[in-house]
Amino acid sequence: MHLARFPRIRLGHLPTPLEFLPNLTRHLGGPDIYIKRDDCTGLATGGNKTRKLEFLVADAIAQGADTLITQGAVQSNHARQTIAAAAVTGLKCKILLEERVQRASEEYAESGNVMLDRLLGGVIAARCPSGTDMARAMEDLAQELRSQGGKPYIIPGGGSNAVGALGYVACAQELLGQSFERGLRIDHVVHATGSAGTQAGLVAGFAAMNSHVPVYGIGVRAPRPQQEENVWKLVQATLDHMGVSLSCVQRSDVVANTDYVGEGYGIPTDAMIEAVTLAARQDAILLDPVYSGKGMAGLIDLIRKGHFKKGENIVFVHTGGTVGLYGYRPIFGQ
């Protein structure tokens, strides 16, 4: 794959570390657990969206845009990183926040990512009720800016389209390089899957390189059929964008286990609280409550059930979002 032919700007501290988690591995007594530290991408506390934004913002600049528009939940890591990318590149940024979590505390509504959104200079154009057609809302905002002579560039939620997914095609390449350098056979890559771009990029990247590394997504929002279909469609779109034959990938390569969502997106579960606490106290890894916390909860449960076995090597992709912990302080207060 020749990713250098696609416009890209450098925003992240890459490559991110690939680290062994000795204490969590010993505590669980199962496979060897490694962590890909995409919480260390460096852009305003980092996170997985930075990789996607390297390609998306470059595309926006190539099209002559002056304003980035995107959307996400109130404590959106993607929104915070998009605003940070705009600050670095001299673009304006307007975001729409969807109130997906009902009966949220004041800390959830105003601290964590929301505080950083404002500090970084972003404009929260609106807070939308849960269930709002956010794609339509972004287009309406873009049309308003065009009528004023602006040149907006719309970035979908999570940066998850064929352009943004290139960031995780590149991550797949990076992981294979790191595994080769340290002589590490990767048996499974596990991560939290939401807007689909991270999983689609990894699946497309590993498939295009004929690496046979399976990717196991742990869903944080949509039911399994919908989540897997969203990822599958984006895998195909990403490979097509890259000019790679779709024959390298099968529908069965897309797996999204949604057993760990709980009551809904962003709503805490006991398993998530345990996973966040374990990772912190065993190996000083700070996960987030919405994505990586539920992803790790799934991984821990699957290890306990014997799905992932002793002797295997698991790479857990930390998608970032630690700053979101501050919005959930009361549940970790004890």
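How much of the chain over residues 9–320 is helix, how much is strand, and how far apart are the end C-alpha atoms? Here are a few points to follow as you look at this predicted model.

1. **The annotated domain.** Let's begin with the opening question. Over residues 9–320, helix accounts for 43% of the chain and strand for 17%. The C-alpha atoms at the two ends of this stretch are 20 Å apart. In the UniProt record, an unreviewed entry, residues 9–320 carry the annotation "domain: Tryptophan synthase beta chain-like PALP".

2. **Ser-76.** The same kind of record is worth a look here: UniProt (unreviewed entry) places the feature "active site" at Ser-76. You will find Ser-76 in the loop that runs between strand E3 (67–73) and helix H3 (77–89). Is Ser-76 buried or exposed? Its relative accessible area is 6%, and because buried means under 20%, Ser-76 counts as buried.

3. **Asp-66.** Now step to the loop between helix H2 (49–62) and E3, where Asp-66 sits. With a relative accessible area of 25%, Asp-66 is partly exposed. Which residues does Asp-66 touch, if we leave aside its neighbours within four places in sequence? They are Leu-91, Lys-92, Gly-150, Lys-151 and Pro-152. For a sense of distance, try Asp-283: it lies 217 residues from Asp-66 along the chain, and their C-alpha atoms are separated by 42 Å.

4. **Helices H8 and H9.** Turn next to helix H8 (residues 197–208) and helix H9 (residues 224–242), whose axes come within 8 Å and cross at roughly 50°. That angle makes H8 oblique to H9. The crossing of H8 past H9 is right-handed. On the H8 side, the contact is made by Gly-197, Gln-199, Ala-200, Val-203, Ala-204 and Ala-208, while H9 contributes Val-231, Leu-234, Val-235, Thr-238 and Leu-239. Sorted by type, the residues of this contact are 8 nonpolar, 3 polar and no charged.

5. **Helices H10 and H11.** At what angle do helix H10 (residues 270–283) and helix H11 (residues 292–304) pack? The angle is about 90°, and their axes are 8 Å apart. H10 is therefore roughly perpendicular to H11. Residues of H10 in this contact include Ala-271, Met-272 and Glu-274, and among their partners in H11 are Lys-294, Met-296 and Arg-304. The contact of H10 with H11 divides into 8 nonpolar, 1 polar and 3 charged residues.

Note on methods. Residues numbered from 1 in each chain as written. Predicted model: local features only at pLDDT ≥ 70, side-chain atom pairs only at ≥ 80, totals over all residues. Heavy atoms only, no water. Axes fitted to C-alpha atoms, helices over the stretch in contact; angles between N-to-C directions. Helix = DSSP H or I, 4+ residues; strand = E, 2+ residues; numbered from the N terminus. Parallel < 35°, antiparallel > 145°, perpendicular 65-115°, else oblique. Left-handed = near helix turned anticlockwise from the far one by under 90°. Contact = heavy atoms within 4.5 Å. Nonpolar A, V, L, I, M, F, W, Y, C, P; charged D, E, K, R; others polar. UniProt positions renumbered as here; feature names shortened; annotations may be inferred. Buried < 20%, exposed > 50% of the residue type's maximum accessible area, 1.4 Å probe, protein only.
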